[in-house]
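User: I'm a first-year student, and I'd like a close look at a single side chain. Could you start there and then work outwards through the parts around it?

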Amino acid sequence: MPTLKNETKLRVRFNEVDALRIVWHGHYVNYFEDGRQAFGREFSLGYLDIFNEGFTVPIVDINVEYKSPLTFGHEAIIETTFIDSPAAKIHFAYEIFNIEKTKLVAKGATTQVFLSNDTGLLELYPPQFYLDWKKNKGIN
């Protein structure tokens with residue numbers, strides 16, 4: 001089974017650091033979001049792609065492990081990896097590295113569920129477009 005992975009760069013902005021001159025811990029969630037959006041653009045599984053199919057995918061679980069701080073001006077790489085599941089969920093794993101990829105800065109994961117745009121109800125089974133997307137990508 002292929003591994004679907006996206007790599008995208010980030011540069012720490014001044015407004016992302018705290019009084020200690022390191023990235024405030026909450027911004028790593030935003031970095032994961034940047035990674036998800038880049039993944040979606042590359043693999044045609046972006047928020048608007050999903051919305052246009054009649055669904056939204058809110059995050060229901062997120063975790064972050066902090067390994068090494070980033071500071072203002074640092075560049076880093078966000079690796080976003082799709083983790084397959086038979087459930088009506090989208091799982092991603094993240095690793096953030098320094099730009100040289102010699103040091104792991106943070107890692108984590110998110111889980112998203114499918115909600116119908118029409119009813120707002122949770123989907124119990126993966127939507128057909130999602131099954132088709134996975135098949136097209138060689139998953140399952």
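Analyst: **Starting from one side chain**

Glutamate 79 counts as buried, at 7% relative accessibility. Buried means under 20% relative accessible area, exposed means over 50%, and partly exposed lies in between (1.4 Å probe, protein chains only). Before we go on, this is a predicted model, in which local features need pLDDT of at least 70 and side-chain atom pairs count only at pLDDT 80 or more, while totals for chains, interfaces and linings use all residues. Residues are numbered from 1 along each chain as its sequence is written, and side-chain values use heavy atoms, leaving out hydrogens and water.

What does glutamate 79 meet? Its side chain and that of lysine 5 form a salt bridge, 3.6 Å from N to O. (A salt bridge is a side-chain nitrogen of Lys or Arg within 4 Å of a carboxyl oxygen of Asp or Glu.) Glutamate 79 lies in strand β4 and lysine 5 in strand β1, so this pair ties together parts that are 74 residues apart in sequence. Helices (H or I, at least four residues) and strands (E, at least two) are DSSP runs, numbered from the N terminus. Lysine 5, for its part, is partly exposed, with a relative accessible area of 38%.

The links go further: Lys5, Glu7, Glu79 and Lys101 are joined in a network of salt bridges. Lysine 101 also has a place beside a ring, since its charged end sits over phenylalanine 97, 5.6 Å from the ring centre. The rule here is that NZ of Lys or CZ of Arg is within 6 Å of the ring centre and within 35 degrees of the ring normal.

The structure has 8 salt bridges by the rule above. Among them is the one between arginine 13 and glutamate 16, whose closest N and O atoms are 3.3 Å apart. Glutamate 16 is buried, with a relative accessible area of 7%. Another joins lysine 67 to glutamate 65, with the closest N and O atoms 3.3 Å apart. Here lysine 67 counts as partly exposed at 46% relative accessibility, and glutamate 65 is partly exposed at 37%.

Now for the rings. There are 16 aromatic pairs in the structure. Rings of Phe, Tyr and Trp (its six-membered ring) pair if their centres lie within 6.5 Å; planes under 30 degrees apart count as stacked, over 60 as edge-to-face and the rest as tilted. Phenylalanine 14 and phenylalanine 72 make an edge-to-face pair, with 5.8 Å centre to centre and 90° between the planes. Phenylalanine 14 lies in the loop between β1 and α1 and phenylalanine 72 in the loop between β3 and β4, so the pair connects parts that are 58 residues apart in sequence. Phenylalanine 14 is exposed, at a relative accessible area of 62%.

Phenylalanine 55 and phenylalanine 129 are stacked, because their ring centres are 5.8 Å apart and their planes are at 25°. Phenylalanine 55 belongs to strand β2 and phenylalanine 129 to helix α3, so this pair bridges parts 74 residues apart in sequence. Phenylalanine 55 and phenylalanine 129 are buried, and they belong to a cluster linked by ring pairs that also includes Phe82, Phe114, Tyr130 and Trp133.

Helix α3 is a good next stop. Its buried residues are Phe129, Tyr130, Trp133 and Lys134. Down the helix axis these residues fall within an arc of 140°, so they line one face of α3; the arc is that of the directions from the axis to the C-beta atoms. The face turned away from this buried side carries the exposed residues Gln128, Lys135 and Asn136. On the buried side, α3 packs against α1, α2, β2, β4 and β5, where contact means heavy atoms within 4.5 Å. After α3 comes glycine 138, with a positive phi near 80°.

Finally, the nonpolar interior. In soluble globular proteins, nonpolar side chains tend to be buried together. In this model the largest nonpolar core has 30 residues, and those with the most contacts inside it are Tyr31, Phe82, Ile90 and Phe114. (Such a core is a set of buried Ala, Val, Leu, Ile, Met, Phe, Trp, Tyr and Cys residues joined through side-chain atoms within 4.5 Å.) The elements giving two or more residues to the core are α1, β4, β5, β6 and α3. Helix α1 gives the most, with 5 residues. That brings us back to strand β4, where glutamate 79 lies.
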